Structures are given as structure tokens and as C-alpha cells.
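Here are a few exercises to work through with the structure open beside you. Try each task before you read its solution.

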Amino acid sequence: MKRWTHWLPGLQTLRHYRTTWLKHDLTAGLVLAAMLVPVGIAYAVASGVPGIHGLYATVVALLVYALFGPSRILVLGPDSSLAPVILAVVLPLSGGDAARAVAIAGMLAVVAGLLCILIGVLRLGFVTELLSKPIRYGYMNGIALTVLIEQLPALFGLSIDGHGPLRGLVQLSRAVADGQANWTAFAVGAGTLAAIALLKRFTRLPGLLIAVAGATVAVGVLGLDAHAGVAVLGPLPHGLPSFALPRVDVDDLRAILVGGAAAALVAFADTSVLSRTYAAKTGSAVDPNQEMIGLGAANLCAGLFQGFPVSSSSSRTPVAETAGARTQLTGVVGALAVALLLVLAPGLLRHLPHGALAAVVIVSALGLFEWRDLWRIFRIQRWEFWLSMACFAGVAVLGVIEGIGLAVLIAVAEFLWDGWRPYHAVLGRVDGIRGYHDIRRYPNARLVPGLVLFRWDAPLFFANAELFRQRVLEAIAQSPTPVRRVVVAAEPVTSIDVTSADVLVELAEALRESGIELHFAEMKDPVKDKLKRFELFGRLGGEAVFHPTVGAAVDAYLQDHAVDWQP
């Protein structure tokens, strides 16, 4: 039984559920529901689909994650960081057709969900660590700027056709300058934005709900939709989401696959960070692979029930935690409360103004920006700061999908660069300090006559093998005495591939012809095992050329060549 329940953490929680948790989960779920409705609708509109589908995605994601997700209080649903990714695919492909937009968004969720599940099943959850913090900051800041700019037209009561944040900002500026703005709609949206900001300091009050409800009541009572042209949500369809396989054109599949992969990347990067953060706060452990399965299952089901891609929420999760959430039941209660709204009172939000929805998304987008830690990175590691800025510019100038692709390429390039050009050192003996140390750090270090102790601080692989050969030969050329033996201090070499192993053998044979021996110290057994498997261990000289420590390698050299030198 344990084997299959491992994939269903929610059931394991239910089996060990404490009755004392129930009142906390019920209360937290109802508090959470008050935030889920306006946020779900707002992010749906920001994603280019009708608002009702944000509630569908919310209900389905919470119920599914409660079963498959390992985190007890993580809240999943539509998210501001995903909105521009979804919109970038939906807007050009849907052609303004709402049904087509829903199908495309649903297929994006299916693709993202299947990809996340595959990552989890193959136990590749570690891929979330491949994006460094500066690179994550860069693309998230770019996404935040994109979301912010995309919501400004709704705030001004406008509709523009700009593709990309900078072009959209130019078109918006022209439209406002030409007198096209609806200033009543702007007053409603800006007032909602100000109210959310002012009420945010009162953590015990549902400030977002109060601000949105106030805007909705004002528009309905004053008839601003009819008399002042304020765009409103309109009546929602009655009922719950139903199963509907998204049907899309074959010609659209390429863009959907790319967009789905981008949505998965953003979602699992955010979810992994947030999950680890709350696991640390609660003193619990979260399996990153199961986290990917939970996220993937939520996305897959959301796509199959008229929703769109979802992620963890850094704004709703703290609400659940503050309200006293104990387990996944909080999300279930929140989902059921939203479902009851859809069944019993779908017309309750018909006067909800689009400007208020834009204000909700703008507040969330402002929370995505990260500058404080970037300033710290600028002070301590400037080149990583500029990497972050490159990712930021990529999203802002090229667009969200292309910008995220650029971020991934930069991450891969950064990884390869670090491995391609690692630190290396020639080691010597420093009086008063045990061991052998970098002569660049200790210029007065004593060298063993005729011996080069060379340290390579990285795995050996195809990209750095030739550089390794060059650095060894340079160390030999720079030796103050004729070299008889080179000892590679190989403790940092954690892996080796066929290409670099062949280079090692070629180097050993070339040095042998010059009367120089190549030995190794502190090489890890798994690396030695690979050399044996590659059938190269004997060609390097067998066990005789491998020494357990650098000190043992020096002692062996002094004895083999009768060198009089005091360590």
C-alpha cells in the first residue's frame, strides 16, 4: 500500500489527520476563498481568456494538488507570473475568438502538466536548480514589467494591439495623448489600486476583497457601466467546470508546445522555491520530484476542465498560512467555496470593473520585482548582475517566451563557462601550514625540485579537456627546475568522460616521450573506476601512478628519484 500512496501525499495526510486541525483548516479555507475569486478572475482576463475560466482553474488546481501535492499549505492557482506567458501564445493564435482562446490556454496547461509530471517521474526535480538566482531574478523582473505594462490599458479603459511590453507602452502613451482614455474607468481602477495599497498594512483585514467589492458596488449603484462606459465582467456562466478535451489546430501546436514548456519552467521554478521556503518554516521535508508531479497533475487537470496553466502563489499561500492553515484541506475548503459561488450566485460579480481586475494584477506584479537582492549581487559579483540584466532586457524587448528562452540559454552558457574555464593551481609547501597550497596565494611557497603539483578544480569533460592539457604544459614550462614528474591533485575532479580520459592518456604518452612522468593524487574511486571501464587505466600506468594523498605522492617522488628535499 505504501508504494502507491507515496504518489498521493494528500491521502497520507488524511490518514493521520488530527481533529484539532479541522477548525483551523475550515477558517483558513474560507478566508482564502475571499481572495481566490477576484484574483482568479483577474489573472484569467490578464491571460486572454474569459474570467470564469480563472475560477475553473482555481477549483480544479486546488482539489488536484490537495491529493498529489506534498506541501501541506502551498496554494496553487492562476498566477501573475504565468499570465504574460499564456497571453503571448493565446493572443496571436486565437484571433479574438474566446472559445479558441480557452482551447489554446487549456492545451498550454496540458503540455505544461505532462512536462512537469515527466520531470517528477524521472526524478529530475533538481533541474529547478539549474537557473541561478540572478537569472531567475532577471526573467521574473522582466515578467513583472510585462504584466504591469499589459494591465495599464485596462486601467485607462483602453484596448490596444501592441505586441511586447515596450511597443505596448508606446501605443498606450499615444492613445492617452490622443484623448482616448476613459477617465472614469481610470478613477475606478486607480481608486481600487490605492485602496489595496492602503489596506495592505492591516494584515487582519482582507484588503484586496474590500477594495474590489467596493469598486464593484460603486459601479453597480452608480451605473457607471451603462452611463460612463466602464467595462465590467458581466454575468458569469452558471455551474461547475466540465471535462473538455482542448481542440487546437495542428498549425498551432509548435507555438503551444513552446509556450507550454515556458509555462512549466516558470511554474516549477516558482513552486520549488516557494515549497522549500515553507518547508523550512514548518520544519518539514518536501520531495521536489513529488512537487513536480503535484504541480503537473494540477496543470493537466486544469487544462482538461476548461482552465489554463497554474502555479504556486506567493501571495495566496501566506494568506492561508496567516489564517492558520494546517493541511491541504484548506485548499479543498477554498475550492468548494468558489464552486458554491459558481452554482448559487454566478451573477454576484457582474458589475466587477475591468479596471479593478487590472489593479489586482498590478499589485501582484509589483510584488514580483526583486531589486534589493540584485543590488547586493551588483556589489559582490557584478558579472552575475549583468547576466540578470540581460535576462530582464530579453523579456522586456523580445517578449516573454523569447526572453525565457534567452534566460535558459544564458543559464546553460553560464554552467558551461564555469566548467570550461575552471580555476587551476600549482601547489607548493608553505612553512608553518600543513599541506600543499596555491603558489599564487602564497608566493613564498617552496617547490619540490623537478616536481609539478598541479590542481584542477573541476570535473574533466569534453569542453575543458584541451584546456586542461594546455594548463599542465604551461605549468611544466614555467617550472624553475627541469621537470621529471607531474602529479595531478585530482581530489576536485569528481567526474570524467571518454573525451577527457583520452586526452589524459595522450598527455601521459606525450610527456613520457619527453622523459616526464604523469601521476595522480587523491583521485576518487568512482573516477578511477571509469578509467578502468574505458580501458585506459593500464595505459596511464596502473595503480603505481595513483597515490592516496598529495603528501604520499611527494614522498614517492623523493624516493623514486633520490631527491634531497625537506617537506
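**Exercise 1.** Find out how strand 3 (residues 424–429) and strand 5 (residues 451–456) are joined, and in which sense they run.

Solution. Start with the bridges: four of them link strand 3 to strand 5, and the two run antiparallel. (Strands are DSSP runs of E, at least two residues long, and helices are runs of H or I with at least four, all numbered from the N terminus; two strands pair if DSSP finds at least two bridges between them.) Next, pick one bridge to look at: A425 has R455 in strand 5 as its partner. A word on the model: it is predicted, so local features need pLDDT of at least 70 and side-chain atom pairs count only at pLDDT 80 or more, while totals for chains, interfaces and linings use all residues. Residues are numbered from 1 along each chain as its sequence is written, and side-chain values use heavy atoms, with hydrogens and water left out.

**Exercise 2.** Follow the chain from strand 5 to strand 6 (residues 485–489) and work out how the two strands pair.

Solution. Strand 5 and strand 6 pair in the parallel sense, over five bridges. Check two places: V452 sits opposite V486, and L453 sits opposite V487. Now add helix 20 (residues 465–477), and you have a right-handed β-α-β unit made of strand 5, that helix and strand 6. (Right-handed: with the strands pointing away from the viewer, the path from the first strand over the helix to the second runs clockwise.)

**Exercise 3.** Is strand 6 largely enclosed or exposed? Look at each face in turn.

Solution. In a regular strand, side chains alternate between the two faces of the sheet. On one side of strand 6 are R485, V487 and A489, on the other V486 and V488, and all are buried (under 20% relative accessible area with a 1.4 Å probe, protein chains only; exposed is over 50%, partly exposed in between). Five of its five residues are buried, so strand 6 is largely enclosed by the rest of the structure. Strand 5 is largely enclosed too, because five of its six residues are buried.

**Exercise 4.** Move on to strand 7 (residues 517–521) and find how strand 6 pairs with it.

Solution. Five bridges join strand 6 and strand 7 in the parallel sense. One to look up is V487, whose partner in strand 7 is H519. Finally, trace the connection: strand 6, helix 21 (residues 498–513) and strand 7 form a right-handed β-α-β unit.
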